[in-house]
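Me: I would like to go through this model by question and answer, beginning with how its elements are named.

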There are 2 protein chains.
Amino acid sequence: MKRINIKDVAKEAGVSISTVSRVINKSAPVKEELRKKVEEAIKKLEYKPSIVARSLRKGKAKTIGLVIPDITDPYFPHIVKGIEDYLKKEDYTLLLSNSGQDLEQETKIIETFESNHIDGVIFIGSGLTNPYLKHLKERGIKVVYLDRILKGIDVSYVVSDNKQGMHDLLQYLYDTNHRSFHFVNGNENTFSAQVRYEAFAEFMEKNNIKSYKHIYSCFSYDAGYQYGKEIDLKKLPDVIMGGNDLIAYGLMDALDERGVKIPDDVSITGFNDIPFSRHYKPSLTTVRQPIYKMGYTAANLIIQIINSDGPVFKGIVLKTELIVRNSTRRRD
Amino acid sequence: MKRINIKDVAKEAGVSISTVSRVINKSAPVKEELRKKVEEAIKKLEYKPSIVARSLRKGKAKTIGLVIPDITDPYFPHIVKGIEDYLKKEDYTLLLSNSGQDLEQETKIIETFESNHIDGVIFIGSGLTNPYLKHLKERGIKVVYLDRILKGIDVSYVVSDNKQGMHDLLQYLYDTNHRSFHFVNGNENTFSAQVRYEAFAEFMEKNNIKSYKHIYSCFSYDAGYQYGKEIDLKKLPDVIMGGNDLIAYGLMDALDERGVKIPDDVSITGFNDIPFSRHYKPSLTTVRQPIYKMGYTAANLIIQIINSDGPVFKGIVLKTELIVRNSTRRRD
DNA sequence: CTGTTAGCGCATTCAT
DNA sequence: ATGAATGCGCTAACAG
């Protein structure tokens, strides 16, 4: 029941605690003989250094906090996995918390994180803005935004190239004779939705397309489903684009229930390429984001920042990939 | 950059650090006047108590470690959410780690957890056995198993009633005239697969069904897909049951590609009712596990155990629910 | 190369 | 009701 500590090990090995510490951390040379003794003692007592004590002493906890909107959304688990995998390599601990996109929740989470002496925070797709960031900076806590860029402030980020991805998708649609577009986008207050809208609007403009419609809704199955239920079937466009794959699923299901054939009557597209999209019926044409890699990269970046002395601000943009499947077809 | 500590607050408020501590923890009465001063100082300095220091001092970190096979499997995120939601209410911190079902990984994770002074560990669907548990018990670290029962040892657990669920499913199939069964089960070394097999075998026995086949494979889409690709179409049974929903998906897709109509030519069933099964084409007949609730309950249980003095061993079995959808139909 | 010692921030005796 | 002093387990500065 009692915790084995460094003192116990020192006594067992017949050395001082500093020697034990040196062996553990390889922070200074120790004579072979003593080193062996210490290692044996550690093994014998099953000693595990207290990270808590170490953190207190060093003022660093080797811990990264992760704020995520909702782990239940199939887009996020792969990101988390990516983050975790990298962090593990660096012997960092991961603190995870779901914010539900709620600013108040987010604030509470950060406070808890701060109490835990975290070294850095990765925010995923969050709405968090300036006031808090300043506070974190003052406390020396590093920040990386994932899947979002904060305008006007120097905060490092990792995103995928939403704009290019959206452009590729639109270009493909255009090349396959799609001339009228609906875009059922996600939450207006998110970076992803905004960037995708910008790319969309730009494309319409450039190609002089007048027949289009854009609405912000919500990044969920239900949002797509509802739109699919309400749209006027007599005025179906060539393609209805979902702000993400979930919206596209909802769209397809609702239309299917109303007897609309996909892709025969209308093309449907998504965004993200979550693992299921390949298996959906019909399989979904979408834009793949390198989800796992985004997580991995963000973790890498924050560790880099933590390990550097001066302030570092770095933005990383990852490539997307157009994935054409069976929910779209060339229009006549 | 410097951390505000209890001393700073004490100085600001003009009291001793013990008084500040008392105010924060309500551990002893403090005169109204001083209390106010302290609270103001805390607010002014934006003081956040160091959980690290507190943990070191108290020997308890108010932290729960979670070992999960793979956050990327759609079955788990809801469990994690359930755990997190409960833990948050109790002001506990969650440490998350993916084990990939690998015993060595698991061992490393536990060691890290232990270094972090965790109070308890929740294992999800893990294969971890005796040797480690004993070690944890010696260290006073509480353990709860989720989705798995360890035989012969006193370890608390939360599971859903796999046996009853399987029975309900089979009874439904039997009542709708299914008389020949294939069961493509998951990994043999998992609790879930074993229990489901037992229920299956028992049912075959009781109802004197001779026409059945059971194999252990792997809880994945690919496992189901492969089986669906290889099965002899001339000897299709009335129903092919998947060990979980993912297997069922793979089964359906492979059969579909080979021109087999579901449920017309063969019924397909799953297990778990992950959120997508409702939307699959065809929608999947399956057994719903109360996924979120299992997580929530496990978190509740471990806190209960931690807060009790003596050793507590408690097994909680949650109810499952048969969900009949369109991947099955009455046989003629 | 090794040992002694201070102090990280806090909760908790023990005095008063 | 309040303050002073101790120590949780560790690392780093210092002394040898």
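Reply: Helices (H or I, at least four residues) and strands (E, at least two) are DSSP runs, numbered from the N terminus. The model is predicted.

Me: In which loop does Pro263(B) lie?
Reply: The peptide bond from Ile262(B) to Pro263(B) is cis, with omega near 10 degrees. Most peptide bonds are trans. As for its place, Pro263(B) is in the loop of chain B between H11 and strand S9 (267-269).

Me: The peptide bond from Lys281(B) to Pro282(B) is cis; what is its omega?
Reply: Pro282(B) sits in the chain B loop between S9 and strand S10 (286-288). The cis bond that leads into Pro282(B) from Lys281(B) has an omega near -10 degrees.

Me: How much area do chain B and chain A bury between them?
Reply: On the contact count, 49 residues of chain B meet 49 residues of chain A. Carbon and sulfur atoms carry 58% of the buried area. The area buried between the two chains is about 4600 Å².

Me: Which three residues supply 14% of the area that chain B buries against chain A?
Reply: No other three residues of chain B supply more of that area. They are Val52(B), Phe276(B) and Lys281(B).

Me: Lys281(A) forms a salt bridge with which residue?
Reply: Between chain B and chain A the count is 4 salt bridges. For this one, the closest N and O atoms are 2.5 Å apart, and the cut-off is 4 Å. The partner of Lys281(A) is Asp253(B).

Me: By class, how many nonpolar, polar and charged residues has the side of chain B that touches chain A?
Reply: The two chains have 26 residue pairs in polar contact, both residues at pLDDT 80 or more. Elements that each supply at least two residues of this side of chain B include helix H4 (51-58), helix H5 (77-89) and helix H11 (245-257). By class, the side has 15 charged, 15 polar and 19 nonpolar residues.

Me: Is Pro77(B) buried or exposed?
Reply: Pro77(B) is found in helix H5 of chain B. Beyond its neighbours within four places in sequence, Pro77(B) contacts Ile71(A), Thr72(A), Pro77(A) and Ile71(B). Its C-alpha is 9.0 Å from that of Ile291(B), 214 residues away in sequence. Because its relative accessibility is 5%, Pro77(B) counts as buried.

Me: Which residues have the most contacts inside the largest nonpolar core?
Reply: In soluble globular proteins, nonpolar side chains tend to be buried together. Here the largest nonpolar core has 102 residues. A second, separate core has 32 residues, among them Ile109(A), Ile110(A), Leu150(A) and Leu133(B). In the largest core, the residues with the most contacts are Tyr249(A), Ile268(A), Ile83(B) and Tyr249(B).

Me: Does Gln101(A) count as buried, partly exposed or exposed?
Reply: Phi of Gln101(A) is near 60 degrees, a positive value in a residue other than glycine. Gln101(A) lies in the chain A loop between strand S2 (93-98) and helix H6 (103-115). Its relative accessibility is 44%, so Gln101(A) counts as partly exposed.

Me: And Asn208(A): buried or exposed?
Reply: Asn208(A) is not a glycine, yet has a positive phi of about 55 degrees. Its loop in chain A runs between helix H9 (191-206) and strand S7 (212-216). With a relative accessibility of 54%, Asn208(A) counts as exposed.

How values were computed
Residues numbered from 1 in each chain as written. Chains lettered and ligands numbered in written order. Predicted model: local features only at pLDDT ≥ 70, side-chain atom pairs only at ≥ 80, totals over all residues. Heavy atoms only, no water. Core = buried A, V, L, I, M, F, W, Y, C linked by side-chain atoms within 4.5 Å. Buried < 20%, exposed > 50% of the residue type's maximum accessible area, 1.4 Å probe, protein only. Contact = heavy atoms within 4.5 Å. Buried area = accessible area lost by both parts, 1.4 Å probe. Salt bridge = Lys/Arg side-chain N within 4 Å of Asp/Glu carboxyl O. Polar contact = N/O pair within 3.5 Å; in protein donor to acceptor, adjacent residues only side chain to side chain. Nonpolar A, V, L, I, M, F, W, Y, C, P; charged D, E, K, R; others polar.
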